[in-house]
Amino acid sequence: MLSQHVSDEGVVGSVSGRSLETCPESAFDGIDVAFHGDQGTVVSTLQNCAGSGAGIAFIPINAQGELGTATQRRNANFDSLSLAHHGALAAIPGTNDFELVYRARISGVVGQSAVITNNDFKAGANTINLFDAAPVSYASVSRSSSARALLGATNTETRLYTGVPGGSLSEQTLALADQAAITTWNDQVGLLFPEANGASSLRTYSTSGSVLSAIDLPESDVQAVALTESQGRLFGALGLAGGVHLVLATTSDLSNDSSTYALPSVANLESFDGHQLEINAARGRVFIAWLLKKSAAANTAVGGWALLQCNLESASGQGE
């Protein structure tokens, strides 16, 4: 595993790396990172090697992108374990803990939630089955000081759960989608949702599950989505074959203050298949990263990234 720091000015730092257990008979299937202040945790899946069971590696990371020593945990009952492309790990405000959600294949496929502290499972905190233990193709989580949201797709529908931290969750049932993205701020939840016709919609919800605002987006043939919030603005990324479109909206009024932009032609974006991307925003910057393909051949480009100022002029961009 490799990590690399990028400054707010787009200056690339040195590479930090850590080795994880791998095996040729099973593919890597997920990674995510979340921070409390300048200290964070990286989670990465561990393959089921020779029947040892699948699991999770926890790696500390600091604000300079430097990785610490990994803690690796396996469950002999897990045939496989995967993470959603977006939102598998969320910091729990007011604590030093994180909430991790993942998809585990045991006798069936279930989404589970666990509490992480000090780069390991938290002692005494039970793992919880999500979505009524229905089989899911992905599961994601987002948390703020006053909101918690869970998102997952069963065989027939997409389920969004919203509520306050520590309280009961309200369920909203949506059409089946291969991918969708959530984010939280204050006491609200944002959802970026690919529709069946290939377009997408952006919605905000209260913690009780009421739709506060919603807009349809003009893009078609959207393959993947990612969503984040910063300083009262929603930033969404739409993955398209050969490009990324950026969605901007004011959290308080989607319908009257929203716009979309095609990401400038940077790095190797023209080779992007549209399926795997991520977005984050802070300090007046928006960072988008993508993987070109679902799998990469040896000695070929893996993906790229772009760092944007909030006026959407590309501050920097690079392919890897």
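A residue counts as buried when its relative accessible area is under 20%, as exposed when that area is over 50%, and as partly exposed in between. With this in hand, the predicted model can be explored through its aromatic pairs, its cores, and a few of its strands.

A search of the whole structure finds five aromatic pairs. In one of these, the ring centres of Phe 58 and Phe 121 are 5.1 Å apart and the planes stand at 85 degrees, so the pair is edge-to-face. Because Phe 58 belongs to strand β5 (residues 55-62) and Phe 121 to strand β11, this pair ties together parts that are 63 residues apart in sequence. The two partners can also be described by their accessibility: Phe 58 is buried, with a relative accessible area of 0%, whereas Phe 121, at 33%, counts as partly exposed. Another pair joins Phe 272 and Trp 290, whose ring centres lie 6.5 Å apart with planes at 45 degrees, so this pair is tilted. Phe 272 sits in the loop between β24 and β25 (276-282) and Trp 290 in strand β26 (residues 285-291), so parts that are 18 residues apart in sequence are tied together. Phe 272 has a relative accessibility of 2%, which is under 20%, so it counts as buried. Trp 290 is likewise buried, at 3% relative accessibility.

Trp 290 leads on to the nonpolar cores. The largest core has 20 residues, and those touching the most other members are Val 244, Leu 263, Ile 279, Val 286, Ile 288 and Trp 290. At least two residues of this core come from each of β21, β22 (233-240), β23, β25, β26 and β27 (303-309). The surroundings of Val 244 give a closer view: apart from residues up to four places away in sequence, Val 244 touches Ala 237, Leu 238, Tyr 261, Ala 262, Leu 263, Leu 269, Phe 272, Leu 277 and Ile 288. A second, separate core contains 17 residues, among them Ala 34, Phe 78, Ala 91 and Ile 116.

Ile 116 is a helpful guide to this second core. Ile 116 is placed in strand β10 and is buried, with a relative accessible area of 0%. Beyond its neighbours within four places in sequence, Ile 116 is in contact with Phe 58, Asn 96, Asp 97, Phe 98, Leu 100, Phe 121 and Lys 122. Both rings of the edge-to-face pair, Phe 58 and Phe 121, thus appear among these contacts. Further along the chain, Tyr 205 is 89 residues from Ile 116, and the C-alpha atoms of the two are separated by 27 Å.

Asn 119 follows in the loop between β10 (109-117) and β11 (120-121). Although in a loop, Asn 119 is buried, with a relative accessible area of 17%. The side chains of Asn 119 and Thr 41 are joined by a polar contact of 2.7 Å. Leaving out residues up to four places away in sequence, Asn 119 touches Gly 40, Thr 41, Phe 58, Ile 59, Pro 60 and Thr 71.

Tyr 205, met above, introduces strand β19 (residues 200-206). Seven of the seven residues of β19 are buried, so the strand is largely enclosed by the rest of the structure. In a regular strand the side chains alternate between the two faces of the sheet. On one side of β19 lie Ser 200, Leu 202, Thr 204 and Ser 206, and on the other Ser 201, Arg 203 and Tyr 205; all are buried, and both faces are covered. Strand β18 (residues 188-194) runs antiparallel to β19 and is joined to it by seven bridges, with Val 189 having Tyr 205 as its bridge partner. Strand β20 (residues 211-217) also pairs with β19 in the antiparallel sense, over six bridges, and Ser 201 is partnered there by Asp 216. The hairpin of β19 and β20 has four residues between the strands, and Gly 209 in this hairpin takes a positive phi near 100 degrees.

Finally, four strands form an open antiparallel sheet in the order β21-β22-β23-β24. Its edge strands are β21 (224-230) and β24 (258-262), each of which pairs on one side only. From one strand to the next, the twist averages 20 degrees. Within this sheet, β23 (residues 243-250) and β24 pair over five bridges, and Ala 249 has Ser 258 of β24 as its bridge partner.

Methods:
Residues numbered from 1 in each chain as written. Predicted model: local features only at pLDDT ≥ 70, side-chain atom pairs only at ≥ 80, totals over all residues. Heavy atoms only, no water. Buried < 20%, exposed > 50% of the residue type's maximum accessible area, 1.4 Å probe, protein only. Polar contact = N/O pair within 3.5 Å; in protein donor to acceptor, adjacent residues only side chain to side chain. Contact = heavy atoms within 4.5 Å. Pairing = 2+ DSSP bridges. Axes fitted to C-alpha atoms, helices over the stretch in contact; angles between N-to-C directions. Phe/Tyr/Trp six-rings, centres within 6.5 Å; stacked < 30°, edge-to-face > 60°. Core = buried A, V, L, I, M, F, W, Y, C linked by side-chain atoms within 4.5 Å.
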